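Subject: Structure handover

Dear colleague,

I am passing the structure below on to you, together with a summary of what turned up when it was examined. Please read the notes alongside the coordinates.

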Amino acid sequence: MIKIWSMKKNEDAAAKKKPKTSAAQIRVQKDLTELDLPSTMKTHFADPADLLNFTLTITPDEGMYKGGAFVFSFAINTNYPHDPPKVKCTQTIYHPNVDLEGNVCLNILREDWKPVLNLNSVMVGLQYLFLEPNPDDPLNKEAAAEMSRNRDQFISNVKASMRGQHLKGVQYANVLVR
Amino acid sequence: MATTSTDWPDRYYDIDQILEKPGPRTDPDFLAGDGVKEFLRTKAKILVIGAGGLGCEILANLALTGFKDIHVIDMDTIDISNLNRQFLFRPKDVGRPKAIVAAEFIMNRVPGVQVTPYYGKIQDKGDDYYLQFNLVICGLDSVEARRWMSATLVNLVDPENPESLKPLIDGGTEGFRGQARVILPTITSCYECSLDMLNKPTAFPICTIANTPRQPEHCIEWASVLEWPRIHGPDKKLDNDDPEHITWLYNLASARAKEFNIEGVTWSLTQGVVKNIIPAIASTNAIIAASCCNEAFKIATSSAAFLNNYFMLIGTDGVYSYTFEHEKRDDCPVCGGSSLDLPISSEMTVEQLIELLIERQDVQIKKPSLSSDSTQIYLQAPPDLEAATRPNLTKKVQDLVAAGGEITVTSRSLPFSLSLRISYT
Ligand SMILES: [Zn+2]
């Protein structure tokens, strides 16, 4: 066998046994404890011992979604950060980039995810969706079409949906901050 | 069991040309002759992870190179679709465990070789198991399993025990592309160090699959990503290995393809997209496996310089290969960072420990967050986790971490993390 150990002694960084905590787990701890969230975003851990599953509540303080509280579930698997976190909106909301099942169209959650991104990038990206909904990447086609066609009507639909009203046969969740 | 008595004259004629005399560039430590032959044939114990496309090739190559004590782990059973390239398997073997069938085949075909199979997961085995080998070769298609194996071998390295450092040779292929690399745990770059170099699995923008499908894959992703959870609800998870689930997706995807005039949705494409299967090319597997086994042979015998440390094969646009030294990352969560033995008073509280970490000259960590392998000790953020862990500040460290236990510290001022080995005075 090659004498690897002698190569080791030449290394200045002496080896030490490392803990058994998985890389994914440490990375999530690092991401979470270095979060720099504005007052418009809050996390909630149903089980504080489980860092891999939690919710994020976004309360936009400007834009057409101001006044609402939007809750997203985060599920992180043990292959993080190779795999992106799975994020869903837990309420039925009227938004061009969120469908009625809660799927979110945000590029860094799928096709543009990279391990150098982190939970902060995802959260900032989600908040941006409420400031600048993008009708060009629609998941809720009707909302997107309305936004392109008649912005005033769209804004009034947003307000109505946030109060929990029916729009075109869909019952939206009342998301108003109480 | 068969023994070395099955060695017939000239069995190793070719290999021995290399082992009997040093060449101009062989390692100075190389001891030509009987010693090295005996090590290879009676002492070297090698572990192969994976008995699939790469694994079949690796097992055959190792046996024919003269390794005689080979172990193999694989958690899968043989599927009919494996038979085109996993040449140790026959139609009669379909449904049987790959590791067991591969071991039987090699032992039948190459007299005197002992192959010990384990049908199960690499995670089933502990440190003692991995410590018995001289070398580990991975021929896996799962990123998760390779991350686990690499991290396990890095963690195995014990500064008091030279035998604890096990070279890891990792092979991987994707169609006409592949790579072979040598990882000397804690010395050279590990698998985790190179995580951001990996090709991303193909993912399509969710709005494209929802509204403007153009490819058969878009229709299949629509069925699996959007329709399955919508129709089945959150509790019924899609099982990629269940043919009925694949058929359900296939029917839905076909109907959608028809609606959008897209051709090419088939049952096997559906399975391929859902399982993220990249076509495996037998000859790419053969090249990469051969490279892995040559490195295993060179490392085991010191007969030639081994790969330092990353060999890349790109056969998609002509034939191109490139060998380079992938550098270890200081901020690697597995092999980077550092660790510290920290004797503390058995009376010390978590709060006092945090103050110590902030003040100690050789550490000086700003806002450290602490966890053990079983619990969060104190997290600085986000606010609700800080509040949930705050009651621990006044507890004694001893009540949360056993003597000899470890605490993982993260902080913005650390490249990645620091591990503390706690002892009590
Ligand atoms: Zn590393």
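Four donors around a metal count as tetrahedral if all angles lie between 85 and 135 degrees, and that criterion is needed for the site described next. Please keep in mind throughout that this is a predicted model.

The zinc site

The zinc ion takes its protein donors from chain B, namely the SG atoms of Cys190(B), Cys193(B), Cys332(B) and Cys335(B), which lie 2.2 to 2.3 Å from the ion. Because the 4 donor atoms subtend angles of 95 to 120° around the zinc ion, the arrangement is tetrahedral. For reference, the ideal angle for four tetrahedral donors is 109.5 degrees. Along the sequence, the donor residues follow the spacing C-x2-C-x138-C-x2-C. Two of these donors can also be described by their accessibility: Cys190(B) has a relative accessibility of 0% and therefore counts as buried, while Cys193(B), with a relative accessible area of 1%, is buried as well.

Cysteines and disulfides

How many disulfides does a search of the whole structure find? The search returns 0 over all chains. A disulfide is a covalent bond between the sulfur atoms of two cysteines. In the case of Cys89(A), the closest cysteine sulfur belongs to Cys105(A) and is 14 Å away, which is too far for a bond, given that a pair must lie within 2.5 Å to be counted. Cys89(A) is buried because its relative accessibility is 4%, and Cys105(A), at 10% relative accessibility, counts as buried too.

The annotated region of chain A

According to the UniProt annotation, which comes from an unreviewed entry, residues 23-167 of chain A are covered by "domain: UBC core". Over residues 23-167 the chain is 31% helix and 15% strand, and the C-alpha atoms at the two ends are 46 Å apart.

The sheet in chain B

Chain B contains an open sheet of 8 strands with mixed pairing, in the order β3-β2-β1-β4-β5-β6-β7-β8. The edges are formed by β3 (114-119) and β8 (320-324) of chain B, each of which has a single partner strand, so one side of each is left without a neighbour in the sheet. On average, and with direction ignored, neighbouring strands of this sheet are turned by 15° against each other. Within the sheet's order, β1 stands beside β4; in chain B, strand β1 (residues 45-49) and strand β4 (residues 135-139) run parallel and are joined by 4 bridges. Val48(B) stands opposite Ile137(B) in β4(B).

With kind regards

How values were computed. Residues are numbered from 1 along each chain as its sequence is written. Chains are lettered from A and ligands numbered from 1 in the order in which they are written. This is a predicted model: local features need pLDDT of at least 70, side-chain atom pairs count only at pLDDT 80 or more; totals for chains, interfaces and linings use all residues. Side-chain values use heavy atoms; hydrogens and water are left out. Donors are N, O and S atoms within 2.8 Å of the metal (3.2 Å for Na, K and Ca); water is not among the atoms, so sites may look incomplete. Four donors count as tetrahedral if all angles lie between 85 and 135 degrees; four count as square planar and six as octahedral if opposite donors are over 155 degrees apart and all others between 65 and 115; anything else is irregular. Buried means under 20% relative accessible area, exposed over 50%, partly exposed in between (1.4 Å probe, protein chains only). UniProt positions are given in the numbering used here, feature names are shortened, and annotations may be inferred rather than shown by experiment. Two strands pair if DSSP finds at least two bridges between them. Axes are lines fitted to C-alpha atoms, for helices over the stretch in contact, and angles run from 0 to 180 degrees between N-to-C directions.
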